[in-house]
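Trainee: Could you take me slowly through the aromatic rings of this protein, and tell me how each ring you discuss sits with respect to the surface? I would be glad if you then placed them in the wider fold.

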Amino acid sequence: MSLNYLQNKCIKAAIAAVLLCISSFGGYAQNSATEGRDFYLVFGKNAYPPTCKIRYVVTKTCYITAQYKDGTYIDNNVQYTPGTYEKTVDLTKCYISTTLSSTVMDKGIRVTATENISLYAINLASLSTDATTVLPVSNLGNDYTVISHDTDNSIARIARIAVVATANNTVVTIKNSAGTTVSSASLSAGEVYCYVESAANGSAPSINLTGYTVESNYNVAVFSMVDCGKQDPNGGCDVNFEQMWPANTAGKNFFIWNISPSDNDKVVILALDDATNITVKVGANSTPV
């Protein structure tokens, strides 16, 4: 699934760059694969509680409704003209549980619009910002391979797979990288299912759910979360939070555009089929993986 993860990252980077370049002209650029009128999302509980926001990118005047699972609203059929808007969300209504077990909970957000919009989920943690493109219901699937960022800090490690149902009578099955079923649940539309693994302070190896799969009979939204991917020397916490792309969005050719200033970034490539040969090309140099 990391190929999809990389694609997601590249799309987000490209969107951000284009928006930055043309914002002075009042224009907006979006990728049609991430536009939609119906979205589901959930935020993960983090070791260092951040402020969480959702961002709308609106290209046509429309009405937006954003509602917590408990029935209260962020926006109730509010009109938006073309532009970019951010809304701070109530953490008590959209954070999934910190219980270290597989749990079904009512902690999701649903966003609907009368015209296509793009939606982003943003975690603002201490010394760290993490954002993910939220896929519309029309682009979700029922077969996912998960990328879970390694944790390499000295504090408690927690990694999650959060699954949000978009239809009633949804049956979700989570399997580990060996193909063994580790968890399952039956969900109603809007319910969140959380699979959690944890490690004690300073223990090894790091928690890594890479290669785990999520299967369902109806389309679902899948989020990969690590509470504290890396501890900053100054006490901050690097929060990892990404929506996964369904397996049918994987491909054979990808361009990677890294705009991070970090010297320690890495590319993770995850094969979805046996006997997969992979070559990485940087400039004129090709290297088999």
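Mentor: Let us begin with Tyr85, which has a relative accessibility of 25% and therefore counts as partly exposed, because that class lies between the buried one, under 20%, and the exposed one, over 50%. Tyr80, by contrast, has a relative accessible area of 8% and is buried. Please keep in mind throughout that this is a predicted model, and that these values are computed from it.

With those two tyrosines in mind, we can turn to the ring pairs themselves, of which the model has five, counted as aromatic pairs. One of them joins Phe43 and Phe241, whose ring centres are 5.4 Å apart and whose planes make an angle of 25°, so the pair is classed as stacked, since planes under 30 degrees apart fall into that class. Phe43 lies in the loop between strand E1 (35–41) and strand E2 (51–58), whereas Phe241 belongs to strand E15 (residues 237–243), so this one pair ties together parts that are 198 residues apart in sequence. Both partners are shielded from the surface: Phe43 has 0% relative accessibility and counts as buried, and Phe241, at 2%, counts as buried too. The two tyrosines we started from, Tyr80 and Tyr85, also form an aromatic pair, but theirs is edge-to-face, with 4.7 Å from centre to centre and 65° between the planes. This pair therefore brings together a buried ring, that of Tyr80, and a partly exposed one, that of Tyr85; its angle falls in the edge-to-face class because the planes are over 60 degrees apart.

Returning to the phenylalanines, you will find that Phe43 and Phe241 do not stand alone, for ring pairs link them with Phe223 into a cluster.

Now for the wider fold around these rings. The protein has two helices and 17 strands, and 44% of its 289 residues count as buried. The link between Phe43 and Phe241, 198 residues apart in sequence, can be set beside a figure for the whole protein: among contacts between residues at least 6 apart in sequence, 74% join residues at least 24 apart. As for the outside, the accessible surface comes to about 13600 Å², and carbon and sulfur atoms account for 49% of that area.

Key: Residues numbered from 1 in each chain as written. Predicted model: local features only at pLDDT ≥ 70, side-chain atom pairs only at ≥ 80, totals over all residues. Heavy atoms only, no water. Phe/Tyr/Trp six-rings, centres within 6.5 Å; stacked < 30°, edge-to-face > 60°. Helix = DSSP H or I, 4+ residues; strand = E, 2+ residues; numbered from the N terminus. Buried < 20%, exposed > 50% of the residue type's maximum accessible area, 1.4 Å probe, protein only. Contact = heavy atoms within 4.5 Å. Areas by Shrake-Rupley, 256 points an atom, 1.4 Å probe, with all protein chains shown as cover.
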